[in-house]
Amino acid sequence: MNDLTTEILKTDTNGFQHASDIWRAGGLVAFATETVYGLGGDATNDMAVARIYAAKGRPQFNPLIVHVDSIETAQKYVDWPQEADVLAQAFWPGPLTLVLPLKADNGLSPLVTADLPTLAVRVPAHPQAVELLRTFGGPIAAPSANPSGKISPTTVEHVVAGLSGKIEAVVDGGACGVGVESTIIGLASDPTLLRPGGLPQEAIEAALHRPLAIHSDADTLNAPGQMVSHYAPGAAVRLNAEKAHAGEVLLGFGNIACDLNLSAAGDLVEAAANLFHHLHALDAMQTKGIAVSAIPEHGLGRAINDRLRRAAAPRP
Ligand code: TXA
Ligand code: MG
């Protein structure tokens, strides 16, 4: 999708209201945080989140950070161990992301977490980001607002250079003060540094009165979203299927007869939005196998195929 006119919005009441209306309608708005600009969309809207991946040209469904306006809002979505409270009280709003166990019935799109049982969440410190989140009144999924593989943007010009025509708007919040992404701490088990970032490790260790486990190999950053075993349907998955064999259900794509269709219109953004929901629904049917139509290997098709290949891979 490259045919949008990307509006540049001011950080005034009108700009915030307009950005919030775009989010409510499922559109994408980039906005300044104190670290880098984020590419925001409604974290509860499958199509909006699928469009984030499409706009970035991400070849995989890496889990996204959900941005909220307060600790209270974060607690709606995740379990809240004592260490989360210590760190959030000390450093939120600020350049710290916490990875915590996702609550049941959280209402978020499974694309946000790449279907993981944990959620990365943070309260940004940029006053205009918080104001924007308050105006919208819900959770905003936002990776850095750059095309996949490119440098994170710290000015509105960077955002426009990378994403013009692919997103509805960008709110001009000036230059980002911190300039590097947030520090990511995993709290689903022992406190672990998952990504060094804008908040120093030492400050976190001082607040927790204990050293962090380190998990800083850049290649493992995306590991949770990449693991074969984190979610695979109970049934065997067979790819590039033209029809279902005996004992199989068919997950279709395009104008074909099937049990569930990722997108009858052959739209890859719609297919991405439906992917995890449909896999869960077919899995719940407890069939022997799930056959899946061929998905074109371009645009979001690459991320969908990546995920499907993992679902089809031999089980550990
Ligand atoms: O400062 C920042 O964090 C910026 C601003 C916009 O908030 N955002 C940002 O998002 O850097 P992104 O998508 O570029 O990086 C998010 C990182 C990814 O490496 C992803 O793998 C990791 O967070 N992540 C997200 N959810 C996770 C989870 N449940 N478990 C482990 N890692 C997770
Ligand atoms: Mg990034």
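**Why these labels apply**

Tutor: Gln286 has its place in the loop between α9 (268–284) and β15, where helices (H or I, at least four residues) and strands (E, at least two) are DSSP runs numbered from the N terminus. This is a predicted model, in which local features need pLDDT of at least 70 and side-chain atom pairs count only at pLDDT 80 or more, whereas totals for chains, interfaces and linings use all residues. Residues are numbered from 1 along each chain as its sequence is written, chains are lettered from A and ligands numbered from 1 in the order in which they are written, and side-chain values use heavy atoms, with hydrogens and water left out.

Student: Why is Gln286 called exposed?

Tutor: The relative accessible area of Gln286 is 71%, and the label exposed is given over 50%, buried under 20% and partly exposed in between (1.4 Å probe, protein chains only), so Gln286 counts as exposed. Gln286 also has a positive phi of about 50 degrees although it is not a glycine.

Student: What makes Asn240 exposed?

Tutor: Asn240 has a relative accessible area of 59%, which is over the limit for exposed and therefore earns that label. Asn240 sits in the loop between β12 and β13, and here too phi is positive, at about 50 degrees, in a residue that is not a glycine.

Student: Why is Pro200 called partly exposed, and why is Ile22 called buried?

Tutor: Pro200, in the loop between β10 and α7 (201–208), has a relative accessible area of 44%, a value between the two limits, and is therefore partly exposed. Ile22, in helix α1 (residues 13–24), has 10%, which is under the lower limit, so the label is buried.

Student: How do you know that the side chains of Arg51 and Glu168 meet in a salt bridge?

Tutor: A salt bridge is a side-chain nitrogen of Lys or Arg within 4 Å of a carboxyl oxygen of Asp or Glu, and the N to O distance between Arg51 and Glu168 is 3.0 Å, so the pair qualifies. Arg51 lies in helix α2 (residues 46–56) and Glu168 in the loop between α6 (156–163) and β8 (169–171), so the pair ties together parts that are 117 residues apart in sequence. Both Arg51 and Glu168 are buried.

Student: What makes the pair of Glu297 and Arg309 a salt bridge?

Tutor: The closest N and O atoms of Glu297 and Arg309 are 4.0 Å apart, and a pair within the stated distance counts, so this one is a salt bridge. Glu297 lies in the loop between β15 (289–292) and α10 (300–312) and Arg309 in helix α10, so the contact joins parts 12 residues apart in sequence. A search of the whole structure finds 8 salt bridges.

Student: Which side chain of opposite charge is nearest to Arg195, and why does the pair not count as a salt bridge?

Tutor: The nearest is Glu181, at 4.9 Å; Lys and Arg count as positive and Asp and Glu as negative, while His and the chain ends are not counted. That distance exceeds the salt-bridge limit, so Arg195, although buried, has no salt bridge.

Student: What does the side chain of Arg195 reach?

Tutor: The side chain of Arg195, a residue of strand β10, reaches the backbone oxygen of Ser182 at 3.0 Å. A polar contact is a pair of N or O atoms within 3.5 Å; within protein, one must be able to donate a hydrogen and the other to accept it, and residues adjacent in sequence count only if both atoms are side-chain atoms.

Student: Which residues come nearest to ligand 1?

Tutor: Of the 24 residues around ligand 1, Thr35, His67, Thr118, Ser182 and Arg195 come nearest, where near requires a heavy atom within 4 Å.

Student: How do you know that Thr35 makes a polar contact with ligand 1?

Tutor: A polar side-chain atom of Thr35 lies 2.6 Å from an oxygen atom of ligand 1, which is within the limit, so this is a polar contact. A polar side-chain atom of Thr118 lies 3.0 Å from a nitrogen atom of the ligand, and one of Ser144 lies 3.1 Å from an oxygen atom of ligand 1. Taken alone, ligand 1 exposes 680 Å², of which the protein buries 95%; accessible areas come from the Shrake-Rupley method with a 1.4 Å probe, and for residues only the protein chains shown count as cover.
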